[in-house]
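Let's take a friendly walk through one sheet and the helices that go with it. Have the 3D view ready.

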Amino acid sequence: MPATGDGRAPGAADLPGALDGAPVGHARSRATTGPATAAPPIPHPRSRAAHASHPSHIADPAGPAATDGPADGAPLRLLVIEDDASDAQLIKAAVADSGTSIEIHWARGLDQATELLAPPAPWARRGRSRTPEFGCVLLDLASPADLPHPSDSSDGLEGLHELLRRAPHTPVVVLTDAAGAELGAAAVAAGAQDFLLKHETDGPLLARALRYAVERKRADESQRRLVEAELRGQENARLQRHLLPTPLLDGAGLSFTRRYRPGRRRALLGGDFYDAVRTDDGTVHVVIGDVCGHGPDEAALGVALRIAWRTLVFAGLTGETLLTTLQHVLEHERRSDEIFATLCMLVIEPARSGSDLDSLGAGERARLYLAGHPAPLLLGRDHGPITLPSDLAGPALGLLPCHDGQAAWPAHEVELRPGWRLLLYTDGLIEGRVGAGSRRLGQDGLADLVGDHQAAGLTRGRLVDSAIAEVEELNGGALTDDVAVLLLERNPVQLVLG
């Protein structure tokens, strides 16, 4: 920024206490000296051919949707923090030389700049239009820092540190003299987007630096938001993994295979839930359920119901008493009265005759409770899959009130022969389409499909995985609903979890 021969900035005598804030740059200032022609405008990197005949505008990252430029053609609002009026007028003249539409505002120090940068208080915003934010700040490192508290730092960047603390989302370009090039580089390392040497900066270079500062800050903010989103995603994944249950079946002599696939993208937890525990008397309790809907609220409600179910089981509740209490939990936890949950519960009693080894799988009986949920499949060694009866099924939890007796869930007694296997699932597995039409797989279709895989010699995890894979193939792609599948089978050796 070359100075004039008398040592004053051109037009300095006419400089008011603050620059008028009017856009400059489309025509050269009348007070400046030199050729009458202005420097050619600097095209924006993403400017369109339709605007090639007009001076480009620098994008304001605070504008709506961060487009290439303000939608209303507004110029870049630049806040200059400069305590020297002559240098401030030189900046104004350089902007006029650049041919770029920039609206300059002047602050003599950080205190005055903070008043301009800070958003108005909530009470002050009422009834007033929102003042556009500044697109960039040009800070002279030689200006007094005006710090409220003296800083121990002596690196010459006290003003920059304070500015970044007060306006962390606004791009900053710093000015320094020729002897302070290293200080300018240190300012960039400290958080500024660029630095300029005062007496080597002309209008086009200044406009280019401001434009690039805006773009760099926008890229930095996008990267910051991306990193924050990734961290939140990792934290959510850890949280959801811990919310999935660990079956408590030690000593039950059972093989327990489970598969869980939420319908939501990038989620580990859906509205489906399951659990299995063994109480001190040797009874095994198993539950699988489905909260209507697919969002995070439904997933949270499913977790609440699962935890409540386990707590109630260990408290000694079972059967209709447990389901009634669980419905009360649902009614208090759901966000609207339209939310309901289907549920299937099995209570498997231990065999009572013979030695401990002989009793495993001999003469076992189970009580089946259905609350609007599809019935399990019973897989045997000498027969294909059989859908357990559902004629005693009650309504889904939350559909009918319990206090007037409308909601009832009677038990269906099931005999389990040696070598039994039970497949429990949510409706996401049977509601997939079969072919291009509207036909659904259904319970009968699932039974036939599982029977074919069972006849092929598949067991446990391989049986479940192959069945899910074929259901998805018939559907023509991944299932959109949450899917939970449990395969529980009598195993005369130690517990196996798959």
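## What counts as a pair

Before the tour, one working rule: two strands pair if DSSP finds at least two bridges between them. Keep in mind, too, that this is a predicted model.

## The sheet

With that rule in hand, look for an open sheet of five strands, ordered 8-9-10-11-14 and paired in the antiparallel sense. Its edges are strand 8 (272–278) and strand 14 (412–416), and each of these pairs on one side only. On average, neighbouring strands in this sheet are turned by 15° against each other, if you ignore direction.

## Zooming in on strand 11

Strand 11 (residues 364–371) has strand 10 (residues 341–349) as an antiparallel partner, joined over six bridges. One spot to click on is Val347, whose bridge partner in strand 11 is Arg367.

Strand 11 also pairs with strand 14, again antiparallel, over five bridges. Here Leu368 has His412 of strand 14 as its bridge partner.

## The two faces of strand 14

In a regular strand, side chains alternate between the two faces of the sheet. Which residues of strand 14 sit on the covered face, and which on the uncovered one? His412, Val414 and Leu416 make up the covered face, while Glu413 and Glu415 are on the uncovered one.

## Helices across the strands

Now bring in the helices. Helix 7 (residues 296–314) lies across strand 8, strand 9 (284–291) and strand 10, and runs at about 15° to strand 8. Helix 8 (residues 319–333) lies across strand 10 and strand 11, running at about 150° to strand 10.

Methods:
Residues are numbered from 1 along each chain as its sequence is written. This is a predicted model: local features need pLDDT of at least 70, side-chain atom pairs count only at pLDDT 80 or more; totals for chains, interfaces and linings use all residues. Side-chain values use heavy atoms; hydrogens and water are left out. Helices (H or I, at least four residues) and strands (E, at least two) are DSSP runs, numbered from the N terminus. Axes are lines fitted to C-alpha atoms, for helices over the stretch in contact, and angles run from 0 to 180 degrees between N-to-C directions. Contact means heavy atoms within 4.5 Å. Buried means under 20% relative accessible area, exposed over 50%, partly exposed in between (1.4 Å probe, protein chains only).
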